[in-house]
Amino acid sequence: MSKTVLLGGGGGIAAYKACFLASRLVQKGVAVRAVMSAGAQQYVGALTFEGLTGHKAIVSPTQIDPDGSPPHIAAARAADLYVVAPATAGVLARLAAGAADDAVSLLALTCRCPLLLCPAMNDAMWLAAATRDNVARIQARGAHFLGPVEGHLAEGYDAIGRMVEPEAILARALQMLGVPA
């Protein structure tokens, strides 16, 4: 039976890594549909994900597909796993608050499948009390986290906050889906 992953992304430079992840998931036989915040679209275009996955990206909570249906409803029902990479500080704040003001947070509310969050932000944001509180609230609701790790950040120095590499996300996603690596 084919598995389906929703691949959400926030607005951070690590969004480029999600393209590689989408491609690798498809190569493993997993159906992928991208879910993009407005910020994510500033880094990577929806057309990139559509080309890699063969599915129209979900870019707005009010989006209507050509068949007249809101894609978030069917996507939420079909998903076996929802991966958010990068999960920026803004995404984590919206998820902790239960917001549904963008496509990424809306799908997090409507999906009944496991949620895997891959944080990416600078060290100051990751270590901030508000972010730590948001992570605790999200974990208490059953979400899984992978990362962040220490490494070179977009700001030009090494610290905690770097998103884990796509191969690590792929391995965890396949494990959670029960798909052989």
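The largest pocket in this model holds about 330 Å³ of space. I should say at once that the model is predicted.

Let me stay with that pocket. Its lining comes to 19 residues, and those nearest the centre are I13, A14, A120, M121 and A154. Helix α1, residues 15-27, and strand β7, residues 158-162, each put at least two residues into this lining. By class, the lining of the largest pocket has ten nonpolar residues, six polar and three charged.

Next, the second largest pocket. Its space is about 250 Å³. Here 15 residues form the lining, with A108, L109, L115, R141 and A143 closest to the centre. Which helix gives the most to the lining of this second largest pocket? That is α6, residues 103-110, with three residues. The lining of the second largest pocket divides into eleven nonpolar residues, three polar and one charged.

Now the enclosed space. How many cavities of 30 Å³ or more does a search of the whole structure find? The search finds one. The volume of this largest cavity is about 70 Å³. There are 13 lining residues, and G9, A18, A40, F49 and A85 lie nearest the cavity centre. At least two lining residues come from each of β1 (4-9), α1, β2 (31-36) and β3 (81-87). Of the contributors, β1 gives the most, three residues. The cavity lining has no charged residues; ten are nonpolar and three are polar.

You will have noticed α1 twice by now: α1 supplies at least two residues to the lining of the largest pocket, and at least two to the lining of the largest cavity. That brings me to its packing against another helix.

The partner is α9, residues 166-177. The axes of α1 and α9 come within 9 Å and cross at roughly 40°. Why is this pair called oblique? Angles under 35 degrees would count as roughly parallel, and the roughly perpendicular range is 65 to 115, so α1 is oblique to α9. The crossing of the two helices is right-handed.

As for the residues in contact, α1 brings K17, F20, L21, R24 and L25, while α9 brings P166, E167, I169, L170, A173 and L174. Sorted by class, the residues of this contact are eight nonpolar and three charged, with no polar ones.

To close, one comparison of compositions. Polar residues are absent from the contact of α1 with α9, whereas charged residues are absent from the lining of the largest cavity. That is what I have for today.

Note on methods. Residues are numbered from 1 along each chain as its sequence is written. This is a predicted model: local features need pLDDT of at least 70, side-chain atom pairs count only at pLDDT 80 or more; totals for chains, interfaces and linings use all residues. Side-chain values use heavy atoms; hydrogens and water are left out. On a 1 Å grid over the protein atoms alone, a cavity is a set of points where a 1.4 Å probe fits but cannot get out, and a pocket is an open set with protein on both sides within 12 Å along at least five of seven lines; lining residues have an atom within 4 Å of a point. Grid points are joined across faces, edges and corners, and a volume is the space filled by probe spheres set on the points. Helices (H or I, at least four residues) and strands (E, at least two) are DSSP runs, numbered from the N terminus. Ala, Val, Leu, Ile, Met, Phe, Trp, Tyr, Cys and Pro count as nonpolar, Asp, Glu, Lys and Arg as charged, and the others, Gly among them, as polar. Axes are lines fitted to C-alpha atoms, for helices over the stretch in contact, and angles run from 0 to 180 degrees between N-to-C directions. Angles under 35 degrees count as roughly parallel, over 145 as roughly antiparallel, 65 to 115 as roughly perpendicular and the rest as oblique. A crossing is left-handed if the near helix is turned anticlockwise from the far one by less than a right angle, and right-handed if clockwise. Contact means heavy atoms within 4.5 Å.
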